[in-house]
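These are my notebook entries on a structure that I went through by sheets, contacts between chains, salt bridges and backbone geometry. The entries follow the order in which I looked things up.

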Amino acid sequence: MVLRVVNEDLVAILCEMIKARATSDRLVEVSREQRVGAIDPIDGREAVIVGASWALDPARDWVVPQQFESLGLGRYGPEVRRRLIASAMGHPLGGHLPAPTRVLPPQPQPGAQVAHAVGLAWSLALRNEPGVVLVFFANESTSSGDVLEALHLADVLRAPVISVCSTTTSDRLRTAAWTMPTVTVDGTDPLAVIGAVAEARDRARTGDGPTLIEAVASGEDGRPSVDPLATFRRELEDRGIWDRAMQLDAERTAQREFDEARLWAANLPLRRSDLFDNVFQTPTTRLVHQRAALDAEYGAGA
Amino acid sequence: MSELRPDEEVVSLLAAINQTLHAEMSRDADVLVLGERADEGSYGATAGLLAAFGDRRVFSLPAVPSAMVGATVGLAIGGMVPVAEVSPFGGVHRAMQQLGGQIAAFRHRSGGRFPMGITLRVPYGGPAGALRSFPGAFEGQLTNLAGLKVVAPATATDAKGLLTEAIRDPDPVIFLESIRAYRAISGPVPSGEHRVPFGQARWAVAGNDVTIIAWSYQVEVASRVARKLATQGLSVGVLDLRSLVPLDIGGIVDAVERTGRVLVVEESVATSGFGAEVIATINEEAFYSLEAPPVRVAALDTPGPTHLLEDVYLPDGRIEAAVRRLLEARV
């Protein structure tokens with residue numbers, strides 16, 4: 001399948017990268033002001049995340065983030081970024097991404113999500129469903145036994161999972177001898193990432209199994225020294241499809257959407273007793289007692 | 001032993017597990033069996049399944065316990081019903097983050113969108129002589145992970161009933177299998193469908209002077225002590241919890257009210273074992289029905305012993321003396 005990327009896509013990709021960056025920057029500010037749940041900043045990974053999402057079909061393909069990647073998954077709908085903002089603000093509803101959004105909730109343990117993605121891809125293959133699963137992980141996870149085991153399992157099962165690892169030049173993957181293809185791509189170029197993910201997706205969909213994509217950016221220890229937004233902006237300007245007015249407009253839109261999302265998150269209902277919902281389908285006696293004791297102390301519904 | 005009903009046959013606890021896996025896999029095409037040697041399973045629990053159901057239902061995986069347990073999250077999200085056997089060679093501990101931080105929390109984290117209909121079979125305890133190499137019982141470490149159910153059959157019929165229930169439960173269930181019990185325990189098992197609800201203890205032995213509370217293989221051990229003491233005129237009841245989470249709090253309260261004297265027997269190390277949870281619950285819910293302080297008999301707080309010191313380490317040989325002391329104690 002040849003993925004056609006037209007000018008409207010290029011503009012949309014840059015706008016999404018701008019939104020991802022703006023949200024990340026604002027969340028870092030908010031967490032400093034309020035000392036509330038910091039999430040990792042997106043830190044130069046906008047091209048990897050937005051590019052990868054552009055090569056997928058949101059109606060069929062799943063994305064498994066660790067956490068901050070949800071900043072750049074606007075292609076999967078505005079709910080993904082909104083809910084991440086709510087999570088960053090410490091609200092439990094941040095993880096409650098409604099169906100049919102095919103994105104898993106953020107989770108706190110770097111690298112744990114790779115095994116989840118492998119299992120989900122495995123289930124799609126067993127059920128002969130057409131989608132693939134893409135999972136992100138970043139270089140601090142790459143020595144993790146969890147991640148290496150999960151990649152090994154993907155390889156053995158030939159699961160239709162695309163694993164995208166962001167690294168910088170000083171900390172490349174120490175690749176083990178996978179049989180699955182390992183592809184290296186420029187992590188600051190969203191179009192290069194789209195191409196690599198599109199090929200990997202074709203492989204997965206035709207039953208040829210998993211791919212490991214290493215998206216490398218110049219830099220040290222996970223901090224890219226090249227700004228992918230600045231680079232891509234220049235490219236679009238050179239093509240005559242971007243200008244300063246569009247840049248300002250995109251930045252303003254990003255700020256406005258962040259403020260709206262933050263307000264939405266701040267107004268989400270919150271009750272102490274929400275903690276007891278969805279521990280199990282039916283609460284245990286112990287949980288019923290604990291909830292009753294809390295209600296007695298604070299008043300039911302508080 | 002009482003007469004067998006026409007729909008029952010006597011099988012070992014291990015065979016009851018095997019039969020249940022066959023029955024559930026026949027009933028529901030989404031049930032999958034995973035494990036390191038799934039063609040056989042530890043001690044043969046999954047024998048015959050690969051031949052019966054094929055390699056898109058039964059999977060022998062490399063020794064990647066953390067990835068296997070983590071993959072069950074994805075399988076459950078995708079609508080499958082995984083039944084995974086975790087290696088008794090430290091597999092649970094290698095998978096603890098996926099177990100406690102992921103499986104246990106996923107329904108909660110996702111607001112109910114992604115329930116984890118997962119069963120993890122956990123053989124533990126090792127055959128005689130293995131406690132230096134295998135972890136022994138450690139159910140307290142698992143019950144402490146909020147969001148997991150933990151059950152422990154003591155009989156062959158409960159192995160079938162609890163495992164059937166576990167596989168059909170939309171929530172994640174740890175199914176504890178005492179390796180000592182696999183072939184040492186046999187009993188009548190219904191040949192048709194058989195379910196045992198969680199959160200319901202049962203009386204293994206009726207008695208009015210002292211109550212022993214136990215689960216898994218220690219129910220058999222405690223029952224032998226109770227039957228021996230009965231010949232000496234002492235009436236010792238044995239309550240089989242069957243289900244640790246959810247816990248039959250009402251059943252425990254009734255047991256305390258019946259005798260006022262309670263001994264908890266467990267195969268795990270005493271400190272922070274599940275016995276401590278049972279006694280804390282008794283204190284919270286039935287303190288004023290006690291005639292004597294509740295006590296526990298457990299494995300010693302030492303690393304697993306070599307074979308020659310196992311009898312000293314395990315609680316089995318200390319139960320009878322503890323019962324006698326409890327009968328003489330006063331509040």
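Entry 1. I began with helix α4 of chain A, residues 113-126, in this predicted model. I found that α4(A) lies across three strands of chain A, namely β1, β2 (133-138) and β3. Against β2(A), the helix runs at about 170°.

Entry 2. I then looked up the sheet to which these strands belong. It is an open sheet of five strands in chain A, and I noted the order as β1-β2-β3-β5-β4, with parallel pairing. At its edges I recorded β1(A), residues 62-64, and β4(A), residues 182-186, each of which pairs on one side only. Direction ignored, neighbouring strands of this sheet are turned by 20° against each other on average.

Entry 3. Within the same sheet I examined the pairing of β3(A), residues 161-168, with β5(A), residues 211-217. How many bridges join these two strands? I counted seven, and the strands run parallel. As one register point I noted S163(A), whose bridge partner in β5(A) is L212(A).

Entry 4. I turned to chain B and its open sheet of seven strands. The order there is β3-β2-β4-β5-β7-β6-β12, and the pairing is mixed. β3(B), residues 58-60, and β12(B), residues 243-245, stand at the edges; each has a single partner strand, so one side of each is left without a neighbour in the sheet. The average turn between neighbouring strands of this sheet is 20°, direction ignored. I looked separately at β6(B), residues 149-151, which pairs with β12(B) in the antiparallel sense over two bridges. There I found V151(B) opposite S243(B) of β12(B).

Entry 5. Next I took the contact between the two chains. Chain A contributes 46 residues and chain B 47 residues. The buried area is about 3,600 Å², and carbon and sulfur atoms give 61% of this. I listed 22 residue pairs in polar contact between chain A and chain B, both residues of each pair being at pLDDT 80 or more. On the side of chain A that touches chain B, the elements giving two or more residues are α4, α5 (145-157) and α9 (285-298) of chain A. Which of the elements gives the largest share of this side? It is α4(A), with eight residues. By residue class, I noted that this side divides into 24 nonpolar, 16 polar and six charged residues.

Entry 6. I went on to the salt bridges. The search of the whole structure gave 39 over all chains, and the count between chain A and chain B is three. For the pair E149(A) and R94(B), I recorded a salt bridge with the closest N and O atoms 2.9 Å apart. Within chain A, I noted the salt bridge between the side chains of E16(A) and R81(A), at 2.7 Å from N to O. E16(A) lies in helix α1(A), residues 7-34, and R81(A) in helix α3(A), residues 78-88, so this pair ties together parts that are 65 residues apart in sequence.

Entry 7. Last, I checked the backbone. The peptide bond from A99(A) to P100(A) is cis, with omega near 0°, and P100(A) is placed in the loop between α3 and α4 of chain A. In chain B, a cis peptide bond joins V245(B) and P246(B), with omega about 0°. P246(B) lies in the loop between β12 and α10 (249-259) of chain B. I also noted N128(A), which has a positive phi of about 55° although it is not a glycine. I located N128(A) in the loop between α4 and β2 of chain A.

Technical notes
Residues numbered from 1 in each chain as written. Chains lettered and ligands numbered in written order. Predicted model: local features only at pLDDT ≥ 70, side-chain atom pairs only at ≥ 80, totals over all residues. Heavy atoms only, no water. Pairing = 2+ DSSP bridges. Helix = DSSP H or I, 4+ residues; strand = E, 2+ residues; numbered from the N terminus. Axes fitted to C-alpha atoms, helices over the stretch in contact; angles between N-to-C directions. Contact = heavy atoms within 4.5 Å. Buried area = accessible area lost by both parts, 1.4 Å probe. Salt bridge = Lys/Arg side-chain N within 4 Å of Asp/Glu carboxyl O. Polar contact = N/O pair within 3.5 Å; in protein donor to acceptor, adjacent residues only side chain to side chain. Nonpolar A, V, L, I, M, F, W, Y, C, P; charged D, E, K, R; others polar.
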